[in-house]
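Here are a few exercises to work through with the model open in your viewer. Try each task before you read its solution.

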There are 2 protein chains.
Amino acid sequence: MLAVERKNLILERLQEQKRVVVSELSELFDVSEETIRRDLDKLEKEGFASKTYGGAVLVENNNTDMPFSVRQKRNIQGKKIIADIIEELIQDGDHIVVDPSTTAVFIVNALKNKKDLTVVTNSIEVLVELSDVSGWDVISTGGTLKENYLALVGPKALEGIHSFNSDKVILSCKGIDMGKGITDANEMFSQVKKAMLSSAKQKILAVDSTKFEQVAFSKICDVTDLDMVVTDKKPADAWLEYFKDKGIACLYGE
Amino acid sequence: MLAVERKNLILERLQEQKRVVVSELSELFDVSEETIRRDLDKLEKEGFASKTYGGAVLVENNNTDMPFSVRQKRNIQGKKIIADIIEELIQDGDHIVVDPSTTAVFIVNALKNKKDLTVVTNSIEVLVELSDVSGWDVISTGGTLKENYLALVGPKALEGIHSFNSDKVILSCKGIDMGKGITDANEMFSQVKKAMLSSAKQKILAVDSTKFEQVAFSKICDVTDLDMVVTDKKPADAWLEYFKDKGIACLYGE
DNA sequence: GATTTTTTCTTTCAACTGCTAACATACCCC
DNA sequence: GGGGTATGTTAGCAGTTGAAAGAAAAAATC
């Protein structure tokens, strides 16, 4: 086994389990503990790990303003559950709008067995994901590339969104809160998402359970502006009552 | 066995197994380890491998199975030479237009040390490549995703291109021929490229040497519509004379 | 709370393996 | 034959590893 391979495997394990133990790794890879420590040193220098007595813990990249590729691995299971629920909501021939988020990538992937969809998006990743489907109409809004994201923003993007009227918009966000509404990391994004909301009839929010009670910087809309909320786990009873009260459908996994 | 054959076999093995070991390859092909190392050097220069102590690991292309990943291997050396020449033509602060091509990806990569560029493109790959630069204005034209390509086409794309006026356009094509002019594979692409040509002052064609005397389906423009041709190898004397005669600058490698 | 014991960490060293660079040789194509 | 490329050889250098010893941290004991 090459040294780099071992280091990468340790990193993978670290990302899955959030922590690693020197003695375990030493046994697992059949190398001395010193070698493992040296690997952890490197991972620490690279910013992935933080060494502790007996092992190391994962450095959680606060997802506020991180490049896209780094954020990808969080709560994959949840995003898959959400994607499967959304898949049942979409019919052949639908016109949908999707925003830039990891969840959105999972969703369009789950939709690939549909026919004749029209997808409007400002997400580069969604375009890449859909570059191999046939018979669909995949439309990019255009716009300015937001630094360190794979998303298009700005006036051109808004203009692009406004020139289409769709059946459904599938939105993501950084936070959902009864008082503060639906919020996102920065104004560029919330602007685009606002425009998307106004360009489609049915407004669906797709968020994993960790986003509840979170509040981020820039407001997109009120919770009551939504028609439906899709999430991976059953929300708290207070939320379910709130949704029922306001006439918002709520679907969740399990 | 020819050297190239061996190199390609190593690349295949690398893509299958994600890693290769110098000692194994040396035994497998019955050549010295130094020869293997030299092969790995080349693969590293071409961007496929990353050498490590004892072997090399595969450089994972950000977007693993792009439909056109096959095209990428062709004449990488030539594209790099072209990119280096173009790099010297572009100044800080320039507004440029680039089309979707592998060459374009190399070019924008070579430009990353420039400051304050504005790039207009309908290539998804160029956007991905530029997602990590800071201080630039990277603008996507928007448009419809062309099936099995990572390129935006159609009326929306044309509209997007027409709304900007740039200093330089860097164009690629499938064929360049004195009689038939500059041609490309399909009408969608040639439409977009026509629009790009009309949106910039200086019109630069970046083509590797294999495209000379080739004719493809859809005409973009006449050779005389260009201001400059950049290629990797010195073109035939007939071409050099033709360029001189028509007042078209021609730059080439070596 | 202080002392002892245990565990883990850091540093240093030596052995080993693999790497780089320079040169020599063989081969091919013109 | 001669220039260029591909390959092999060599020697000195660099990276990787494990062992050992002392330092530091945590746990156990009094």
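**Exercise 1.** In which loop is Lys18(B) found?

*Solution.* Some ground rules: this is a predicted model, where local features need pLDDT of at least 70, side-chain atom pairs count only at pLDDT 80 or more, and totals for chains, interfaces and linings use all residues. Residues are numbered from 1 along each chain as its sequence is written, chains are lettered from A and ligands numbered from 1 in the order in which they are written, and side-chain values use heavy atoms, with hydrogens and water left out.

- Step 1: Lys18(B) sits in the loop between H1 and S1 of chain B. Helices (H or I, at least four residues) and strands (E, at least two) are DSSP runs, numbered from the N terminus.
- Step 2: check the backbone. Most residues other than glycine have a negative phi. Lys18(B), though not a glycine, has a positive phi of about 70°.
- Step 3: check exposure. Lys18(B) has a relative accessible area of 42%, which means that it is partly exposed. The cut-offs are under 20% for buried, over 50% for exposed and partly exposed in between (1.4 Å probe, protein chains only).
- Step 4: look for a second case. Glu213(B) is not a glycine either, yet has a positive phi of about 70°; the loop between strand S12 (200–206) and strand S13 (218–221) of chain B holds Glu213(B).

**Exercise 2.** Find the length of helix H3 (residues 33–45) of chain B, then work out which side is buried.

*Solution.*

- Step 1: the expected span is 1.5 Å times one less than the number of residues. For the 13 residues of H3(B) that gives 18 Å, and the end C-alpha atoms are 18 Å apart, so the two agree.
- Step 2: pick out the buried residues of H3(B), namely Ile36(B), Asp39(B), Leu40(B) and Leu43(B).
- Step 3: these cover an arc of only 100° around the axis (taken from the directions from the helix axis to the C-beta atoms), so they lie on the same side of H3(B). An α-helix has 3.6 residues a turn, so residues three or four places apart point the same way.
- Step 4: turn to the opposite face of H3(B), away from the buried side, and you meet the exposed Arg38(B) and Lys45(B).
- Step 5: list the partners. The buried residues of H3(B) pack against elements of chain B including helix H1 (3–17), helix H2 (22–29) and strand S2 (49–52). Contact means heavy atoms within 4.5 Å.
- Step 6: after H3(B) comes Gly47(B), with a positive phi near 90°.

**Exercise 3.** Which residues touch the most other members of the largest nonpolar core?

*Solution.*

- Step 1: define the set. A nonpolar core joins buried Ala, Val, Leu, Ile, Met, Phe, Trp, Tyr and Cys residues through side-chain atoms within 4.5 Å.
- Step 2: the largest has 64 residues, and Ile86(A), Ile124(A), Ile86(B) and Ile124(B) touch the most other members. Helix H5 (residues 102–110) of chain B contributes the most, 6 residues.
- Step 3: zoom in on Ile124(B). Leaving out residues up to four places away in sequence, its contacts include Ile124(A), Leu127(A) and Val128(A), plus Leu145(B) and Leu150(B).
- Step 4: apart from this core there is another, of 33 residues, with Val120(A) and Phe189(A) among them.

**Exercise 4.** Where is Leu171(A), and is it buried or exposed?

*Solution.*

- Step 1: Leu171(A) belongs to strand S9 (residues 166–171) of chain A.
- Step 2: its relative accessibility is 1%, so Leu171(A) counts as buried.
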